[in-house]
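Me: Please take a close look at one part of this model, the surroundings of its main pocket, and then follow the ring contacts from there. I would like a single connected account rather than a list.

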Amino acid sequence: MKIAKLGELPPVGEVPDKMHAIVIRQDRYGDPINAMQIEEISVPEIGDDEVLVAVKAAGVNYNNVWACAGYPLDLIGLRQKKGSALDFHIGGSEASGIVYKTGKSVTNVKIGDEVVIQGGIWDPVEPYVVNGGDPVISSSFLSWGYESNWGSFAQFCVVKELQCLPKPGHLSWEEAAVYMLTGATIYRMINRWQPNVVKKGTVALVWGGAGGLGVMALQMIREAGGIPVAVVNSDEKKKICMDLGAVGVINRNNYKHWGGMTEGDIHSEEYIEWRKEVVAFNKEILSFTSGVSPSLVIEHPGESTIPTSLFICSKGGMVVTCGGTSGYVGSFDLRYLWVHQKRIQGSHFASYDECYAVNEMIENKRIRPVLSKVYNFDEIPLAHQLMKENRHPFGNMAIRIGY
Ligand code: NAP
């Protein structure tokens, strides 16, 4: 078969020559609405340790907003410098689908298996990993469908066998495509960084509580017996957060101290004004927690919020960050770090075990995917554009592709 119609797939195991794909090229870098275009691309060959998956549905994540921009990384150029002959990027770091072809050394999946794809790639025979090192910290770690090519915004994607997990039977294809990236990232943020992990009674602040990471954070903190407080930008999003376990939700538009700190006198007017606002913000948090400060802050907005995050974090607590949506330059008043012996911890995606644990939580219905809206294949640029402008619906968005 030359190419399957969009929304249709050939019989399981029959691989067409070409596929429809959403493609980013360097000369289109910019807004997603222009950067991403539908093209017909040859279905790639797979390596011995790889699997070709027919994509039923894909999840939308912020990383491909960055991929469209070519900022902070020109991913296509970087891969070419490392020897890749490909002059395009097919993004998409989450998928549900059916295995159509397996490489010679693949043992954990077979043709016809229904799978959920996790978005972390590493070399399992890298000595650091073989010796028990954390694969996410290994030198071979890559984000699939972002740093690597052949992601899920196409009829077929190429993954390593370690990326395949069984699809929970009770989920639709779209639901199965939207929880792994944000879910596993949050799982690691709240469980990995001992001793600052979520336990019974841990108060945690969750920025963007109705966003992709936020909806997973609220549920997982609730499940661990923690006490999550959410921050959002509108009163309409408050109910979503409360339904997922938040004990209180703050509308950040009621405060005006956002942005990075500038160098200068800590007794300046600006600093006194900033402190007044952040103290009021803190007071609202404490009103939901019987006066207990968050010992964990789930950070990802970055530049705009990190000074506040560090201030409101309890003594000995941890601000754990995985992103910089509002900017990458973090600033804060160092005194709150050292005098109160707080910690700022970076965290990036997840290991196989952490992804597996998330799948179990979904399978056991302890948490659920929060699927807001399903878009068609040709709406992938629109979904990313809305995300870039923070005008996208709450929770996680899916793309229907293979049916
Ligand atoms: P999302 O669905 O857009 O949610 C993020 C939420 O953050 C938004 O809903 C928004 O909520 C809030 N927000 C945006 N700008 C803000 C600002 N200036 N101040 C305060 N809050 C702000 O995106 P996501 O999937 O949760 O991802 C968020 C970030 O984390 C992205 O930058 C992404 O690249 C990164 N990330 C990193 C990893 C990793 O492994 N390192 C994994 C997943 C995501 P309100 O407007 O309602 O407040």
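**The pocket and the aromatic pairs**

Reply: In this predicted model, helix 6 contributes 3 residues to the lining of the largest pocket, the most of any contributor. At least two lining residues each come from helix 2 (63-69), helix 6 (180-191), helix 7 (212-223), strand 11 (227-232) and helix 13 (380-388). The pocket has a volume of about 1,300 Å³, and of the 50 residues that line it, Tyr 62, Leu 213, His 300, Gly 323 and Thr 325 are the closest to its centre. By residue class, the lining divides into 22 nonpolar, 24 polar and 4 charged residues. Because domain 1 (18-179 + 369-400) and domain 2 (183-346) both give residues to this lining, the pocket lies between them.

Tyr 62, already named among the residues closest to the pocket centre, also belongs to an aromatic cluster, which it forms with Trp 66, Tyr 71 and Tyr 328. That leads from the pocket to the rings.

The structure holds 14 aromatic pairs. One of them joins Trp 258 and Phe 281, whose ring centres are 5.5 Å apart and whose planes stand at 85°, so the pair is edge-to-face. Since Trp 258 lies in the loop between strand 12 (248-251) and helix 9 (269-288), while Phe 281 lies in helix 9, this contact ties together parts that are 23 residues apart in sequence. The partners can also be described by their accessibility: Trp 258, at 25% relative accessibility, counts as partly exposed, whereas Phe 281 is buried, with a relative accessible area of 0%.

Helix 9 also carries Trp 274, which pairs with Phe 311 of helix 10 (residues 306-312), and this pair links distant parts of the chain, 37 residues apart. With ring centres 5.9 Å apart and planes at 85°, the Trp 274 and Phe 311 pair is edge-to-face, because planes over 60 degrees apart count as such. Trp 274 is buried, with a relative accessible area of 10%, and Phe 311 is buried too, at 12%.

Two further tryptophan rings are met by a charged side chain. The charged end of Lys 167 sits over the ring of Trp 173, at 5.0 Å from the ring centre, and the charged end of Arg 192 sits over the ring of Trp 193, at 4.7 Å from the centre of that ring.

Note on methods. Residues are numbered from 1 along each chain as its sequence is written. This is a predicted model: local features need pLDDT of at least 70, side-chain atom pairs count only at pLDDT 80 or more; totals for chains, interfaces and linings use all residues. Side-chain values use heavy atoms; hydrogens and water are left out. Rings of Phe, Tyr and Trp (its six-membered ring) pair if their centres lie within 6.5 Å; planes under 30 degrees apart count as stacked, over 60 as edge-to-face and the rest as tilted. Helices (H or I, at least four residues) and strands (E, at least two) are DSSP runs, numbered from the N terminus. Buried means under 20% relative accessible area, exposed over 50%, partly exposed in between (1.4 Å probe, protein chains only). A charge sits over a ring if NZ of Lys or CZ of Arg is within 6 Å of the ring centre and within 35 degrees of the ring normal. On a 1 Å grid over the protein atoms alone, a cavity is a set of points where a 1.4 Å probe fits but cannot get out, and a pocket is an open set with protein on both sides within 12 Å along at least five of seven lines; lining residues have an atom within 4 Å of a point. Grid points are joined across faces, edges and corners, and a volume is the space filled by probe spheres set on the points. Ala, Val, Leu, Ile, Met, Phe, Trp, Tyr, Cys and Pro count as nonpolar, Asp, Glu, Lys and Arg as charged, and the others, Gly among them, as polar. Domain bounds come from an automatic or database domain assignment.
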